[in-house]
Amino acid sequence: MSTQPVASERSGEPHRPFALVLAGGGARGFAHVGVLRALEAQGLYPGAIVGVSMGAITAVTYGLRQDWYQALLEVDIREFPGPVRRPAGEKVTLSERLRGMAAYAGALHHVVFGWGIGVPALGAGKTALRTLMRGHTLEETRIPVLVSTTDLLSGERHVLRAGDAAEAAYASAALAGVVPPVAQDGRLLADGVYADIAPIDVARALEFPIVIAVDAGQDLVTADVRTGYQAILRATEICHLRHADQRFAAADFVLRPDFRRSIDTLDFGARRECVAAGARAVRRRRAALADLLASPISPASGLASSETIS
């Protein structure tokens, strides 16, 4: 890849080339849409994108469509699974508690005896992805777009840079317990977050002088931990956040959208709120971005060996 300064498509002003890593986050991943929109508004265009989970869906759509912003905002989410609300037990009526218990029991049944709570809406989800990608392949993107997944059989990260774009995006976002993984070439591909929430080294291997990452995660919120089940959930959340800290530390610059409330992974109804958070993250750090992209930086290193690429 070229590391020469590139000119903005709008302003014509050069800036140092950079690769962008768009991480996971479920519904919060719509913040990536706002980040890309705000970067373009400043005349900053990534030379390549590595996407994970919702970041992969955003990256592939961006790479394939000139109308990517509107297409992502208008994607049909009506049949997407929503957050599963566990019965709260406090300040709720008996009927509300019973409805919550029924919904939770139904979700548990789908997870234990099937592939997950999103299976009833699987057809709608795949249709939405095919509509976004228009039958194109990863090779057809206008800039290099790499999609990171997890092979559930080997436990390794598996990076896709070729093949059907909709299938690649689906595989990278196939959240365990929600939708089925993708069987491909002896692998079982699922959400890329499990193996690597922020594959910075994949972006470095593209030999861009700067790697910028977008972290759509949320900080730990205050919570009661009074049962074994609550302890398991809390411990898993802590492991995920500490893993994220280590991976994002390898980037040259990290944008962290500031969500003004806690947003559930499956709360796709909050997508516009998340887009706005992403745009604010760029505007808040525009001066630091301008300095970074005008300054020289050391060349990149290579790919890690514990993965496969196709």
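Contact here means heavy atoms within 4.5 Å. In this predicted model, Leu 20 makes quite a list of such contacts: leaving aside residues up to four places away in sequence, it touches Leu 36, Leu 39, Pro 46, Ala 48, Ile 49, Val 50, Ile 212 and Val 214. Leu 20 also turns up in the largest nonpolar core, a set of 68 residues, where Leu 20, Met 133 and Ile 212 touch the most other members. Helix H2 gives the most to this core, with seven residues. Another core, of 22 residues, lies apart from it and includes Val 50, Val 202, Leu 206 and Phe 208.

H2 deserves a second look for its packing. This helix spans residues 54-64 and packs against H5, residues 122-133, at an angle of about 30 degrees, with the two axes 9 Å apart. Angles under 35 degrees count as roughly parallel, so H2 and H5 fall in that class. On the H2 side, the contact is made by Ile 57, Val 60, Thr 61 and Leu 64, which meet Leu 129, Leu 132 and Met 133 of H5. Sorted by type, the residues of this contact come to six nonpolar, one polar and no charged. Met 133 thus links the two parts of the picture, as it belongs to the H2–H5 contact and to the largest nonpolar core.

As for the chain overall, the secondary structure comes to ten helices and eleven strands. Of its 310 residues, 47% are buried. Among contacts with a separation of 6 or more, 76% join residues 24 or more positions apart. The exposed surface amounts to about 14900 Å², with carbon and sulfur atoms supplying 53% of it.

Definitions and conventions: Residues numbered from 1 in each chain as written. Predicted model: local features only at pLDDT ≥ 70, side-chain atom pairs only at ≥ 80, totals over all residues. Heavy atoms only, no water. Axes fitted to C-alpha atoms, helices over the stretch in contact; angles between N-to-C directions. Helix = DSSP H or I, 4+ residues; strand = E, 2+ residues; numbered from the N terminus. Parallel < 35°, antiparallel > 145°, perpendicular 65-115°, else oblique. Nonpolar A, V, L, I, M, F, W, Y, C, P; charged D, E, K, R; others polar. Buried < 20%, exposed > 50% of the residue type's maximum accessible area, 1.4 Å probe, protein only. Areas by Shrake-Rupley, 256 points an atom, 1.4 Å probe, with all protein chains shown as cover. Core = buried A, V, L, I, M, F, W, Y, C linked by side-chain atoms within 4.5 Å.
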